[in-house]
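Colleague: Could you take a close look at the aromatic rings in this model for me, and at what surrounds them? I would enjoy a connected walk through that part.

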Amino acid sequence: MESAFDKKKIRGDITRIANPVFIELLLGTLFGMVDMMMLGRSGSTEITTASIAAVGITNQLIFVGLSLVQALNVGATAMVARYIGSGKTDKIESVVKHIIIMTQIFLVLPILYLGLVKSLWVMEVLGAESDTISIGMGYFRVVTLGFIFQGFNFSLFAALRGAGDTRTPMNINIKVNLLNVFGNAVLIFGLLGFPALGVTGAGISTAVSQFIASILLVRYLIKSKGHIKLNLRHRFKIDNDVIYNLVKIGVPASLEQIAFRAGILIFTRMVATLGTIAYATHQICINIMNLSFTPGQAFGTAASTLTGRSLGAQDPDLAERYIKESRGIGSIISALMGLLFFFLGPYVAMLYTDSPEVIAEATRVLKLMAFIMPFQGSQLIVAGGLRGAGDTIWTLVATFAGIIGVRIALAWLFVVVLGYGLLGAWLSVLIDQFVRWVFISLRFRTNKWKYISIR
């Protein structure tokens, strides 16, 4: 039977890792919301609507890249946590160097090619209309260039979180996000003698901020005395065991993200057929929904790190307790945030735009979002625990079933066939999250994830 002391210690371990991630994600999302609000006030209704749509289009490509980076980094997080739990800390530096090199070669370079060489074609494929392309092309290319540093940062942050160090990513991201907001204000509106560049200025500020984050991160890791450090004097040697583990864990996670992003792209194309106003409304709601991911992602990170560490120490029962406790705390926070969206939706939407039509439609979507959040939060946290165990096959199955099997099919039914508009599209999101929650919960109860081994 679990004692009160054990439960207190488990909660303390979880919150120690989750709280910095939650603060980082929360503030990062709020800064992103401020950025979107700036664009919403940067010109005429036609220009601002097209600018918001341009950000949404660009984010589709960047999110695909970042999702694949995160998927590959799932292996790094799990391996670092396992090695710390089992006392094999001498293997960690090799993991860090492998993940940096593999990320840049296999993920960053293809995104750069699409974003810089095939930018017009990509924007058209993603459903951008002529006004969005003319206003957003510069933003698209600049943000894609900044992906070099963003991918690099994500790789190192994943390794740090696997070691339980979530404060360093938080501190760096808070600093660069503040810098990004300041840069956006200066370059969007033309303050302090700079030209008013609109949405392109927002892109420049984002890319520069990511570059500065890379400098801060490298400087920290060169001086670090913790588990995660960079010693440039040590020669890089290919380690087949590290590559095997990254492929074993990362490939299913990458396929999951490919399925997820492919589904999102198809889903977004359906929404884009509703017109620029509906699409801009959708992007505002997506921007707000990013806030709703924070509890699931934060406590999912804690579950992932602590699960990997517990399994490395040959204590699967402790891993299960960490996942259950993380799910309980995170789900409560998600539900409370849902209540805020349900009752304060109109006021949140007003922060982005003056358009009564957009505000009214966004308010309806936010009420529906409130029902999405409990299922979303729970499945994100438990899935984080499964990934920390190296069990990425079933998270792939759950995502494929939810996104492809449910969201796309129902969005087509609700939007195209029945004509329910934007609300119909978001209804398919609710059902998708419920289905994924069922799949993840059933897999967790089998306990088979406790017995996955890594080299």
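Modeller: Let's start with a charge over a ring: in this predicted model, the charged end of K367 sits over the ring of F342, 4.3 Å from the ring centre. F342 also belongs to an aromatic cluster, which it forms with F343 and F371. A second charge of this kind is found at F267, where the charged end of R407 sits over the ring, 5.2 Å from its centre.

Now to rings that meet other rings. The structure holds 8 aromatic pairs. Take F149 and F211: their ring centres are 5.0 Å apart and their planes stand at 70°, so this pair is edge-to-face, as the angle is over 60 degrees. F149 lies in helix α5 (residues 130–162) and F211 in helix α7 (residues 199–223), so the pair ties together parts that are 62 residues apart in sequence. Are these two rings' residues buried or partly exposed? F149 has 27% relative accessibility, so it counts as partly exposed. F211, at 40% relative accessibility, is also partly exposed.

From there we can turn to the buried side chains. In soluble globular proteins, nonpolar side chains tend to be buried together. Here, the largest nonpolar core has 94 residues, and V96, I228 and W426 are those with the most contacts inside it. Helix α2 (residues 45–86) supplies the largest share of this core, 17 residues. To see one of those well-connected residues up close, look at I228: leaving aside neighbours within four places in sequence, I228 is in contact with V80, I92, V96, A159, L160, A163 and L221. Apart from this core lies another, of 24 residues, with A303, L311, V382 and A383 among them.

Two helices are worth a look as you rotate the view. Helix α9 (residues 276–292) is mostly covered, with 14 of its 17 residues buried. At 1.5 Å a residue, α9 should span 24 Å, and its end C-alpha atoms are 24 Å apart, which agrees. Helix α6 (residues 167–189) has 23 residues and reaches 33 Å from its first C-alpha to its last, close to the 33 Å expected at 1.5 Å a residue. Just after α6 comes G190, whose phi is positive, near 75°.

Conventions: Residues numbered from 1 in each chain as written. Predicted model: local features only at pLDDT ≥ 70, side-chain atom pairs only at ≥ 80, totals over all residues. Heavy atoms only, no water. Helix = DSSP H or I, 4+ residues; strand = E, 2+ residues; numbered from the N terminus. Expected span 1.5 Å × (residues − 1). Core = buried A, V, L, I, M, F, W, Y, C linked by side-chain atoms within 4.5 Å. Buried < 20%, exposed > 50% of the residue type's maximum accessible area, 1.4 Å probe, protein only. Contact = heavy atoms within 4.5 Å. Phe/Tyr/Trp six-rings, centres within 6.5 Å; stacked < 30°, edge-to-face > 60°. Lys NZ or Arg CZ within 6 Å of the ring centre and 35° of its normal.
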